[in-house]
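Got the viewer open? Here's a tour that goes stop by stop, with something to select at each one.

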Protein chains: 2
Amino acid sequence: MGLMVQKFGGSSLASPEKVLNAARRAVRESDVGSRIVMVCSAQGDMTDRLIALAGSIHPEPSEREMDMLKAVGEQMSIALMAIAIHKLGRQAISLTGPQAGIRTDSFYGKAKIKTIDTARVRRELEKGQIVIVAGFQGVDAEGNITTIGRGGSDPTAVALAAALGAERCDIFTDVDGVYTADPRIVPEARWIPHMDYDELLELASLGARVMQSRAVELAKRFGVPFRVRPSYSDAEGTLVSEISRELEYVDVRAAALDANQAKITIRHVPDQPGVAATIFSEIASSNVNVDMIVQTASEGGLADMSFTVGRDDLARGLAVSEELAARLGAARVDSDRKVAKVSVVGIGMRSHSGVAEKMFRALADEKINIQMISTSEIKISCVVDEERAADALRAVHQAFALDQGS
Amino acid sequence: MGLMVQKFGGSSLASPEKVLNAARRAVRESDVGSRIVMVCSAQGDMTDRLIALAGSIHPEPSEREMDMLKAVGEQMSIALMAIAIHKLGRQAISLTGPQAGIRTDSFYGKAKIKTIDTARVRRELEKGQIVIVAGFQGVDAEGNITTIGRGGSDPTAVALAAALGAERCDIFTDVDGVYTADPRIVPEARWIPHMDYDELLELASLGARVMQSRAVELAKRFGVPFRVRPSYSDAEGTLVSEISRELEYVDVRAAALDANQAKITIRHVPDQPGVAATIFSEIASSNVNVDMIVQTASEGGLADMSFTVGRDDLARGLAVSEELAARLGAARVDSDRKVAKVSVVGIGMRSHSGVAEKMFRALADEKINIQMISTSEIKISCVVDEERAADALRAVHQAFALDQGS
């Protein structure tokens, strides 16, 4: 008898009727013989409301107490889901993250799952229960409740699927699956039936916002195939698993746009060994996530150091940069809060050159200036002016004929 | 350094400002040298809202899942309280019932505390933390979350005070303390500075609604003196502890009225040995709480069996009674949903007769008919027509000169 993990996000649980719809899906799979583990997020905007509640008392509440507070969102969802499945006449039991044996480190607000003790979940499955686990949360070695970061119900689902040796893992969400580009910007974008973990990983880090990277990384590490599929229809969504390059070869699988970028440049940094390490370790330790980094060739012992950060991090990133510039004897700090990143992703480009040239050509033809470039084995990203970002995405999508199907 | 337990009820935590007020109280005691354990209920009407949420999915949700759901109310409160204390610049940590080591049996919705493992609480106190524990909840042997019934934060506070050997236990609430009668009905009612556990126990079971009986029972069993005091002022409230009869002698400490009563009478029950046991064990097993019981003397082998129940239980009580009447060959079942119970309470009456007569006389002088009478060592209760209940309370209050001070 197969075991299946089904994860439901907050928007799929936002009302009693939606909770019942999700319950019906689980019951349907259960009735055809699968054992079911459901993973539920907090309902709708519950987490945001809890954060606002804390904010009404303290502008910077402690991370530990925020985890204590936020964890109630999922706890509500799982209890309601169990009640909904009972309503449909089936057996179900809810388990919090700690009860489901999800052990994490103690980094409140962004804890990592260390191990899962599946004994309780298995025991309940053997009793014939549909087991409903709270996503997003776990317990540290001292018994404190932790949360594993935004989107943290996806990692919970994937980690549980791995620990339980599940046959399938369905991530129910409010999109039809993964597309070759955001259809709101590129109307001719196409649904992708199957893609590789690495491709989705790159897309996730590029602002495609289908799934958080951590869940995909976990799935890749443990070889858990999963499906990203809509909660509102029976569409099969996008299967994500390891793809053999020979069998399903494409240069570029999808294009992505991250409009939430800002650029910081520290000008004329005296170019000594270790200066980049100093800069970026200090920036990282102030909790600013740096994305792309470009260092100009040194001229007269002075180099420019440019990097992009999420727009929310710009103020903090600037403060640290100003402080660093003064300390290191750099000339000044410039910033641009209106940049965007356009990227193409595909495991096929590992073995094929010419992808970068095609992308640069497409942008040049549209007279879009490229401010920064960054490449990995399977992606190429260009930073452009935010005002031309949508044009850039459409141009690239067309250049790689993504509208023609893969 | 003394240890103090402070319990705050839902109405004392209903807004961010009230949470901060409660936090200030804890900080004030902490600053003069006490170690503080706070016990918090769910905010305002949170528990009722959670129950309504479940009701929108299933009319009769499972007790286990309701406990999972309701437990979030206190979890929110403790996190917010910790955040509020941090805001005041002091150290604090919140602990759920399970984290605080509160072990219960598995009777969901009305679990009983079995033991408290105080290791974690003590460890945090030693670190200088104000420790904030979720009331109302615990964990059973299998790791399930349980709740310990309505008003369940009071037992949590008292049990923690006992387990920790606390010097004081303050139950903050939305009343000034205990009064000789409900001041809304008897304007001349007086504040009681000090009373015995047994007196408050009787009052609690008589509808005085100051505190749930279970908390008082626990306090009595473990000899934990506590104070019922207002959260909105510095009034000292009512100290509840063991009172030596010689020192603080009074016949009657207070009078109470429970208007939420209904009466059921099973007429002409064939009077065989064991018939009362049959009737009341069946009624109890249908979860109807029977209060007073009167059996008339048998006439021709037939007796009338009258008893009172809470008004909410009347329909269920009647259904069981009808079924029993048919089975036992009784004549019929009568009921009256408009009765009330007036009572006087005082440990002094243990050694003094004449209290009952004085009460009956007071009611007779007001031409109030007594329908049922029940006495214990330290209380006398009379069931009267609901329409005369307030008159009855005032008459009794005056007859025992409760407005003159004790």
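Start with both chains and colour the residues where they meet: 100% of the interface residues of chain B are also interface residues in chain A, so the copies meet through the same surface. A contact here means that the C-beta atoms of two residues, placed from the backbone, lie within 7 Å. Before going further, note that this is a predicted model, in which local features need pLDDT of at least 70 and side-chain atom pairs count only at pLDDT 80 or more, while totals for chains, interfaces and linings use all residues. Residues are numbered from 1 along each chain as its sequence is written, and chains are lettered from A and ligands numbered from 1 in the order in which they are written.

**Stop 1: the axis**

Superpose chain B on chain A: a rotation of 179° with 0.0 Å of shift along its axis does the job, at an RMSD of 0.1 Å. That is the relation of a two-fold axis. In chain B, look for B:Val72, whose C-alpha is the nearest to the axis, at 2.6 Å. The fit is by least squares on the C-alpha atoms of residues with pLDDT of at least 70 in both copies.

**Stop 2: the interface**

Now select the contact residues: 28 in chain B are in contact with 28 in chain A. On chain B, helices H1 (16–31), H2 (46–55) and H3 (63–87) each supply at least two residues of the side that touches chain A. Which helix gives the most to that side? H3(B) does, with 14 residues. Helices and strands are DSSP runs numbered from the N terminus (helices: H or I, at least four residues; strands: E, at least two).

Colour this side of chain B by residue class and you get 17 nonpolar, eight polar and three charged residues. The classes are Ala, Val, Leu, Ile, Met, Phe, Trp, Tyr, Cys and Pro as nonpolar, Asp, Glu, Lys and Arg as charged, and the others, Gly among them, as polar.

**Stop 3: the eight-stranded sheet of chain B**

Next, show the open sheet of eight strands in the order S3-S6-S2-S1-S9-S11-S12-S10 (chain B), where the pairing is mixed. Strands pair if DSSP finds at least two bridges between them. At the edges, pairing on one side only, are S3 (92–95) and S10 (194–196) of chain B. Neighbouring strands of this sheet are turned by 20° against each other on average, direction ignored. For such angles, axes are lines fitted to C-alpha atoms (for helices over the stretch in contact), and values run from 0 to 180 degrees between N-to-C directions.

Zoom in on S2 (residues 35–40) of chain B. It runs parallel to S6 (residues 130–134) of chain B, joined by four bridges, and parallel to S1 (residues 3–8) of chain B, joined by six. Pick B:Cys40: its bridge partner in S6(B) is B:Ala134, and B:Cys40 is itself the partner of B:Phe8.

Are the residues of S2(B) buried or exposed? Six of its six are buried, meaning that 20 or more other C-beta atoms lie within 10 Å of a residue's own (12 or fewer is exposed, in between is partly exposed). B:Arg35, B:Val37 and B:Val39 point one way from the strand, and B:Ile36, B:Met38 and B:Cys40 the other.

From B:Cys40, hop to B:Met81, which touches B:Cys40 as well as others including B:Met38, B:Val19 and B:Ile132.

At the S10 edge, helix H6 (residues 197–205) of chain B lies across S10 and S12 (238–241) of chain B, at about 80° to S10(B).

**Stop 4: the six-stranded sheet of chain B**

Move on to the open antiparallel sheet S14-S15-S13-S16-S18-S17 (chain B). Its edge strands are S14 (290–295) and S17 (372–376) of chain B. S13 (residues 254–270) and S16 (residues 332–345) of chain B pair over 11 bridges; B:Ala255, for one, has B:Val344 as its bridge partner. Helix H9 (residues 314–328) of chain B packs on the sheet, touching S13, S15 (302–310) and S16 of chain B.

**Last stop: two backbone oddities**

Most residues other than glycine have a negative phi. In strand S13 of chain B, B:His268 has a positive phi of about 55°; B:His268 counts as partly exposed, with 19 C-beta neighbours inside 10 Å. Then jump to A:Phe136, with a positive phi of about 80°. A:Phe136 sits in the loop between strand S6 (130–134) and strand S7 (137–139) of chain A and is buried, with 30 other C-beta atoms within 10 Å.

Definitions and conventions:
Lists of a residue's contacts leave out its neighbours within four places in sequence.
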